[in-house]
Amino acid sequence: MTSDLERRGTHWLGAKRIDLESCASTNDEAARFARAGAIHGTVVIAERQDAGRGRDGRAWASPIGGLYFSAVMRPPLPLADVPPLTLAIGIAVCDAARAFGAAAQLKWPNDVLVADQKLAGVLVETQSQGGRLDSVIVGIGVNLEVVPPEVAHRATALHVERERFIAELIAQLEVWTDRYIACGLEMIVPAWQERMAPGLSARATINGVSTVGELAGIDGDGALLLRDPSGIVHRVRSGDVEVIRPLPGSDRVLSPDA
Ligand code: BTN
């Protein structure tokens, strides 16, 4: 007999799916389900969020029409190997958008852009106990159908049928998560670099000096590489760097990322 997962072409992601009309944050709901024992691959999807969260404590505007998706994952990884998983997740979201014809690209660490405008963001959070990984909550917000007015100047939307996009997203997430678990960053780094949006800059503090340089990719550990104005390439830590991007239609003026 063919199982539901086999019919969808996936094996573990989406094994259990919880659909909510609204919630504060699907990441919070997924974390709650994980603490209550939810299995690897449980997915929580909401039609809207009242307190959607982005990276660095920012809000994620979450009106009806967008996709608010969180997955509970329990990968067999040491805690230290979880952060680079976000690169694999970014690739998966990028490829899901590309499967519908969008010219999607990645902005470090894992924003998905189309023509310099943000289409999707990823927020990966871990839950651990006594230094051991308990679960990873992979949160993904995609502007499907609507661009929230709050971010209209720097965001874009994908107009595709919601369930088809969810199926593609789940399939891509499963492929790229399994690749990272099996092979580590070896497969992820070149794939991420191939999808990196060109022409982005970043401001970082290097040897105590604030420097603006061109993004030169990521190294074998997934750390960002910044080429300073004299051509020297520096490895920068995520906490010390702010990616900045050209305003649409301009190759000179830089605006802080938000
Ligand atoms: C970012 O770009 O800053 C990350 C945005 C992540 C938003 C998603 S929407 C689903 C999940 N629930 C949340 O509260 N946040 C993530």
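**Exercise 1. Which residues are the closest to the ligand, and how many residues surround the ligand?**

Before starting, note that this is a predicted model, in which local features need pLDDT of at least 70, side-chain atom pairs count only at pLDDT 80 or more, and totals for chains, interfaces and linings use all residues. Residues are numbered from 1 along each chain as its sequence is written, and side-chain values use heavy atoms, with hydrogens and water left out.

*Solution.* Step 1: collect the residues near the ligand, meaning those with a heavy atom within 4 Å of it; there are 20 of them, and the closest are Ser25, Gln49, Arg53, Arg55 and Lys118. Step 2: sort this shell by class, which gives six nonpolar, ten polar and four charged residues. Here Ala, Val, Leu, Ile, Met, Phe, Trp, Tyr, Cys and Pro count as nonpolar, Asp, Glu, Lys and Arg as charged, and the others, Gly among them, as polar.

**Exercise 2. Find polar atoms of the protein that lie beside the ligand, and state how far the protein covers the ligand.**

*Solution.* Step 1: look for polar contacts, that is, pairs of N or O atoms within 3.5 Å. Serine 25 places a polar side-chain atom 2.8 Å from an oxygen atom of the ligand, while glutamine 49 has a polar side-chain atom 2.9 Å from a nitrogen atom of the ligand. Arginine 53 takes part through its backbone, where a polar atom is 2.7 Å from a nitrogen atom of the ligand. Step 2: turn to the area, computed by the Shrake-Rupley method with a 1.4 Å probe; of the 410 Å² of accessible area that the ligand has on its own, the protein covers 99%.

**Exercise 3. Identify the helices and strands that contribute to the shell around the ligand.**

*Solution.* Step 1: take helices (H or I, at least four residues) and strands (E, at least two) as DSSP runs, numbered from the N terminus. Step 2: keep those that give two or more residues to the shell, namely helix H2 (26–35), strand S3 (67–73), strand S6 (117–129) and strand S7 (132–142). Step 3: rank them, and S6 gives the most, with four residues.

**Exercise 4. Trace how S6 pairs with its partners, and examine the turns.**

*Solution.* Step 1: two strands pair if DSSP finds at least two bridges between them. Strand S5 (residues 111–114) meets S6 in the antiparallel sense over three bridges, with valine 114 opposite glutamine 117 in S6. Step 2: S6 also pairs with S7, again antiparallel, over ten bridges, and glutamine 129 has arginine 132 in S7 as its bridge partner. Step 3: compare the turns. The S5–S6 hairpin has two residues between its strands, and alanine 115 in the turn has a positive phi of about 50°; the S6–S7 hairpin has two residues between its strands, and glycine 130 in the turn has a positive phi of about 55°.

**Exercise 5. Describe the antiparallel pairings of S9, then locate a cis peptide bond and a positive phi in loops.**

*Solution.* Step 1: strand S8 (residues 201–206) is joined to strand S9 (residues 209–218) by six bridges, the two running antiparallel, and serine 201 has glutamate 214 in S9 as its bridge partner. Step 2: four bridges join S9 to strand S10 (residues 224–227), also antiparallel, with glycine 217 partnered by leucine 225 in S10. Step 3: most residues other than glycine have a negative phi, and most peptide bonds are trans. Tryptophan 108 and proline 109 are joined by a cis peptide bond with omega about 0°, and proline 109 lies in the loop between strand S4 (104–107) and S5. Aspartate 56 has a positive phi near 55° and lies in the loop between strand S2 (42–49) and S3.

Methods:
A polar contact is a pair of N or O atoms within 3.5 Å; within protein, one must be able to donate a hydrogen and the other to accept it, and residues adjacent in sequence count only if both atoms are side-chain atoms.
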